[in-house]
Amino acid sequence: MQDEYRTVARAGVHETEVNRSRFLCALAPAATEQEAQDFIAAVRKEHADATHNCYAYVIGADAAVQKVSDDGEPGGTAGVPMLQMLMRRDMRYVVAVVTRYYGGVKLGAGGLIRAYGGAVGEALDALGSITRRRFRLATVTVDHQRAGKVQNDLRATGREVRDVRYGEAVTIEIGLLDADVDAFRAWLADATVGTAGFELGGEAYGDA
C-alpha cells in the first residue's frame, strides 16, 4: 500500500471561459469506481443540454483504476488531458467532470487539450486538496476507571480516536503510523501501569 495519497478536499464546481465556450469542472472525492460513475451520471443529468460532459477519474491509492471519456470531443482532447492533470497533481480517489457549453468558436485540438486540462487544474486550485496517510488500526482495551484519561491523553497527543465501545471494559480503536507502534505500546504500558490491552489490526487511510 502507498504510505499516503492526496485527494480533493471537497466536492465543488469551478467555471472557466475559453473563446466564449463555458467549461464547468465538477470535482468530487470518490471512494469507489461506482461512486465516481454515480457522480458522473448526476452531472450529466444536471447538464443534459450541454455540448459535452467529459470525465476522468482515478481510484486507488496506487491509481489502479483510471478511466476517461471524451464524450464526443475529438479523441484524446478532453478525458486524457483531464486525467493527466489529476495524475500530475498526485490526486487519487477523485472524479472530474468537465461540462462544455459551446460558444461558437472552434478551439482546435491543442486548444481543447489546454482548455480541458486547465479547467481541472483551476478547479483543483479553487477547491484545495488533503493528504491522507496510511495507518495501522489498533485496539486498546482499558478498564472504565482509566478510560477517560487515556482518551483525553490520546486526543491531546493528536492521535485519531476512530471508535470507542463500552462493555465490561472500554475498547478504543485508534490509527497509528507504523513507525509509531513501538513507542505507543511503551507509552500505553506506562500510562496504564501495564493494565491495558493492545492489539494491532489491519490498515486504513486517514487525514494526515
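**A walk through the predicted model**

Over residues 140-194 the chain is 44% helix and 31% strand, and the C-alpha atoms at the two ends of this stretch lie 12 Å apart. Keep in mind as you look around that this is a predicted model. The stretch was picked out because an unreviewed UniProt entry annotates residues 140-194 as "domain: UPF0029", and such annotations may be inferred rather than shown by experiment.

Let's turn to the cysteines. How many disulfides does a search of the whole structure find? The search comes back with zero. To see why, start at Cys25: the closest cysteine sulfur belongs to Cys54 and sits 11 Å away, which is too far for a bond. Seen from the other side, the sulfur of Cys54 has that of Cys25 as its closest cysteine sulfur, again at 11 Å and too far for a bond. A disulfide would need the two sulfur atoms within 2.5 Å. Are these cysteines buried or exposed? Cys25 is buried, with a relative accessible area of 0%, and Cys54 is likewise buried, at 0%.

Our last stop is a histidine. Where does His47 sit along the chain? You will find His47 in the loop between α1 (33-46) and β4 (52-59). Although His47 is in a loop, this residue counts as buried because its relative accessibility is 13%, and the cut-off for buried is under 20%. Which residues does His47 touch, leaving aside those up to four places away in sequence? Its contacts are Leu24, Asn53, Thr99 and Tyr101, so you can select these four together with His47 to view its surroundings in the model.

Notes
Residues numbered from 1 in each chain as written. Predicted model: local features only at pLDDT ≥ 70, side-chain atom pairs only at ≥ 80, totals over all residues. Heavy atoms only, no water. Buried < 20%, exposed > 50% of the residue type's maximum accessible area, 1.4 Å probe, protein only. Helix = DSSP H or I, 4+ residues; strand = E, 2+ residues; numbered from the N terminus. Contact = heavy atoms within 4.5 Å.
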